[in-house]
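Student: Could you walk me through one part of this model up close, and then connect it to the rest of the chain? I'd like to see how the pieces fit together.

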Amino acid sequence: MTKPDPPDSAGQDQDLGLIGHLIELRSRLLRSVVAVVAVFLVLLPFAQRLYSWLAAPLLSRLPAGSHLIAIDVSSPFFVPVKLCFFTALMLAMPVVIYQLWAFVAPGLYRHEKRLAMPLLVSASGLFYLGCAFAYFLVLPMVFRFLTSVTPTGVSMMTDIGHYLDFVGSTFIAFGACFEVPVAVVILVSLGWVTPAQLKNFRSYAIVANFAIAAVIAPPDAVSMFLLALPMCLLYEAGMLAAKLAIRTAPTAAQQ
């Protein structure tokens, strides 16, 4: 005759399960950190060249004889290194997202996995698309506008650290706002809104997009409009993607 388990055996099993999850989480986070550091070390020898590439949209539109300046003594070294770190973080983001996905995936249902993976891939791609949109279209137009309105007798010479902060905030703003379709699909999938409600809220969404753009975009009208207009288009794309997700969700849930 076997002896019954002690009363606290269930609690011990739960503790062991929690410890196992914490160990796995630590392993996933460590792999993410290793990926970021590895990309950072690869980019570090090209730090100066990387900053020159980042500064190209402004340098190409400055008047002859104008250039960027370094106010702090250590800026010529630390600012390019800082840029390398943020670039490494962006480039390694798919690895970080995959590690987080691998950690939470065992607890998801099959239909949730089928929806989550496309959303994660789409979120990464849209963020990169937003950054590319900002670099190749928005920043040249913004700098062309800013240099054209510079008062006579004023030399436009920006500090390299301030320039990095300006461009970095622009990348983050456009990358985040390009996630509108993903946010719309998630809201519909959770049942918080329906495609019909999204269609009825279109006019309010347009106003909200311009309000958000006015808050998070760089302080000029050009950036605001160039951020708000894609958000409105991405809202429409999100509605179409949400309708498609609703059509495929029952079939996926039954499998």
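Which residue follows H7, and what is its phi?

Tutor: Happy to. One thing to keep in mind throughout is that this is a predicted model. The residue that follows H7 is Gly191, and its phi is positive, near 80 degrees.

Now look back into the helix itself. H7 covers residues 180–189, and its buried residues are Val180, Pro181, Val182, Val184, Val185 and Val188. Let's pick Val185 out of that group and follow it outwards. With residues up to four places away in sequence left out, Leu115 touches Val185, along with Ser189 and Ala245. Leu115 belongs to helix H5, which runs over residues 110–148. Because its relative accessibility is 31%, Leu115 counts as partly exposed, whereas Val185 is buried. The pairing of Leu115 with Ala245 is a nice one to display: 130 residues separate them in sequence, yet their C-alpha atoms are 7.8 Å apart in space.

That leads to the chain as a whole. Among contacts with a separation of 6 or more, 82% are between residues 24 or more positions apart. The secondary structure is simple to describe, with 10 helices and zero strands. Of the 255 residues, 34% count as buried. The accessible surface comes to about 15,600 Å², and carbon and sulfur atoms hold 71% of that area.

Next, helix H9, where sidedness is easy to see. H9 spans residues 202–216, so you can colour 15 residues and check the length: from the first C-alpha to the last is 21 Å, close to the 21 Å expected at 1.5 Å a residue. The buried residues here are Ala205, Asn209 and Ala213. They lie on the same side of H9, because the arc they cover around the axis is only 75 degrees. The background is familiar: an α-helix has 3.6 residues a turn, so residues three or four places apart point the same way. On the other side of H9, the exposed residues are Tyr204, Val207 and Val215.

H9 also takes part in a salt bridge, one of three in the model. The general idea is that side chains of opposite charge can pair when their charged atoms come close. Arg202 and Glu236 meet through their side chains at 2.5 Å, N to O. Arg202 sits in H9 and Glu236 in helix H10 (residues 221–254), so this pair ties together parts that are 34 residues apart in sequence. Both ends are partly exposed: Arg202 has a relative accessible area of 28%, and Glu236 has 27%.

Another salt bridge joins Lys82 to Asp165, with 3.4 Å between the closest N and O atoms. Lys82 is in helix H3 (residues 75–91) and Asp165 in helix H6 (residues 160–177), so parts 83 residues apart in sequence are tied together by the pair. Lys82 is partly exposed at 37% relative accessible area, and Asp165 is partly exposed at 40%.

The remaining pair, Glu24 and Arg28, forms a salt bridge at 3.8 Å, N to O. These two are four residues apart in helix H1, which means about one helical turn separates them. Their surroundings are worth comparing: Glu24 is partly exposed at 27% relative accessibility, while Arg28 is buried at 16%. Apart from its neighbours within four places in sequence, Arg28 is in contact with Gln99, Ala102 and Phe103.

Stay on H1, which covers residues 9–43, and move along to Val37. Val37 counts as partly exposed because its relative accessibility is 40%. Together with Val33, Leu41 and Leu44, Val37 makes a nonpolar surface patch of about 320 Å².

To retrace the route: we began at Gly191, after H7, went through buried Val185 to its contact with Leu115, turned to the buried side of H9 and its link to H10, and ended at the nonpolar patch that includes Val37.

How values were computed:
Residues numbered from 1 in each chain as written. Predicted model: local features only at pLDDT ≥ 70, side-chain atom pairs only at ≥ 80, totals over all residues. Heavy atoms only, no water. Patch = residues over 30% accessible without salt bridge, like charges linked within 9 Å, V, L, I, M, F, W, Y side chains within 5 Å. Areas by Shrake-Rupley, 256 points an atom, 1.4 Å probe, with all protein chains shown as cover. Salt bridge = Lys/Arg side-chain N within 4 Å of Asp/Glu carboxyl O. Buried < 20%, exposed > 50% of the residue type's maximum accessible area, 1.4 Å probe, protein only. Contact = heavy atoms within 4.5 Å. Expected span 1.5 Å × (residues − 1). Arc of directions from axis to C-beta.
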